[in-house]
Amino acid sequence: MNISVILPSYNPSQKLINAVKALTEQGFDDIIVINDGSKDSCKEIFDEVASYPNVTLLNHEKNKGKGRALKTGFEYFLENRKEKSGVVTTDDDLQHTPSDIMDCVREMEEKGVAVFGARNFKGDNIPPKSRIGNNITSFTFRFLCGIKITDTQTGLRALPRSYLPTLTKVGGERFEYETNMLLSMKQEGLEFCEHPIETIYADNNSGTHFNPFKDSIKIYAVILKYLVSSLASSILDLIVFTLLNMFLPKDMDPMLRIFLATAIARVISSAVNYTVNKNKVFKSKGHVRSSLLKYYCLCVAQALCSYALVYFITYLTHVEQSILQTVYKMIVDIVLFFLCFTLQREWVFKEKNEKK
């Protein structure tokens, strides 16, 4: 077996022992268990697990979170398992069957890319909060981040060794780390595929340490950082447009007034947006020239579309100089916002962020 199992655990039950036993029987000869600051009453469980000759037990003195536990496992693997080709992560409650884990490992070794176990969330046995939460997150990832994945929170992930130096540097200490991992893999061009696995929710998933409110906020905060820059520049654009549209001479031709207000507002907001997107959002490390040229080609096209559509709606509705034109522009720009966000991600900054 050329793969190590990374198994983070916090306040485990007897299921941890059962999981280690099942993995051993499946043929996994190297299991790295991370005790993430569990309570003292769990010591006997960890002692029994550590008695297995194929188990290495790592300990956190206090609870640091699943993300940190995974990174501790990855770092130990890179330092001490130089002969092995990768790892597979799984949970401590037998939520993933040993045969599914083995299938993901085999597919990873065959294809040379990460393989994620994908559960089916359509069954009647799925807790509603898990079904709804995963569906929303999956849609958000696909629509806003360009990542097609059906099970965003799966704990079963087979990862080639070459991926781990990047993944150990990914931010996030708790459940948000698994989301950050996906976004980092997207940025670095680290490919993955999904493998269908059995969906198991014992006792309605009562043993999970996932906090639906607190941990969901952290997960979505990671995704929302991709939107803050564009939203902020859109608000700045609207403010400048409104001020110019209201205070430019009233006897000015409406077509010229809307054009000037749109152009000046876009120059100011785009300069701010490009700087933030390049350095903070998409973290492009390449030369400025290429991305800047693409960005402003897109920016000019977006501004012309915004101007043309606002003027066309104004012409159809026979509206004179008023705040209503700002409402028109807001609606138009919301539509253009999602389109341009996708184009920035997949065209403007993609070459500088994703390895070919």
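This is a short chat about a predicted model of one protein chain.

Biologist: What does the secondary structure of the protein chain come to?

Modeller: In this predicted model, the chain has 12 helices and seven strands.

Biologist: And how much of it is buried?

Modeller: Buried residues are 50% of the 356 residues. As for the surface, the chain exposes about 17500 Å², with 61% of that coming from carbon and sulfur atoms.

Biologist: What share of the contacts with a separation of 6 or more comes from residues 24 or more positions apart?

Modeller: That share is 79%.

Biologist: Okay, helices. At what angle do H1 and H4 pack?

Modeller: H1 (residues 14-26) and H4 (residues 98-111) pack at about 50 degrees, and their axes are 9 Å apart. That angle makes H1 oblique to H4.

Biologist: Is the crossing left-handed or right-handed?

Modeller: The H1 and H4 crossing is right-handed.

Biologist: Which residues meet there?

Modeller: From H1 you have Ala-22, Leu-23 and Gln-26, and they meet Pro-98, Ser-99, Ile-101 and Met-102 of H4. By class, that contact has five nonpolar residues, two polar ones and no charged ones.

Biologist: Switching to backbone: what's phi for Asn-11?

Modeller: Near 45 degrees, so a positive phi in a residue other than glycine. Asn-11 sits in the loop between strand E1 (3-9) and H1, and counts as partly exposed because its relative accessibility is 24%.

Biologist: And where is Leu-94, and what's its phi?

Modeller: Leu-94 is in the loop between strand E4 (86-89) and H4. Its phi is near 60 degrees, again positive in a residue other than glycine. At 30% relative accessibility, Leu-94 counts as partly exposed.

Definitions and conventions: Residues are numbered from 1 along each chain as its sequence is written. This is a predicted model: local features need pLDDT of at least 70, side-chain atom pairs count only at pLDDT 80 or more; totals for chains, interfaces and linings use all residues. Side-chain values use heavy atoms; hydrogens and water are left out. Axes are lines fitted to C-alpha atoms, for helices over the stretch in contact, and angles run from 0 to 180 degrees between N-to-C directions. Helices (H or I, at least four residues) and strands (E, at least two) are DSSP runs, numbered from the N terminus. Angles under 35 degrees count as roughly parallel, over 145 as roughly antiparallel, 65 to 115 as roughly perpendicular and the rest as oblique. A crossing is left-handed if the near helix is turned anticlockwise from the far one by less than a right angle, and right-handed if clockwise. Contact means heavy atoms within 4.5 Å. Ala, Val, Leu, Ile, Met, Phe, Trp, Tyr, Cys and Pro count as nonpolar, Asp, Glu, Lys and Arg as charged, and the others, Gly among them, as polar. Buried means under 20% relative accessible area, exposed over 50%, partly exposed in between (1.4 Å probe, protein chains only). Accessible areas come from the Shrake-Rupley method with a 1.4 Å probe; for residues, only the protein chains shown count as cover.
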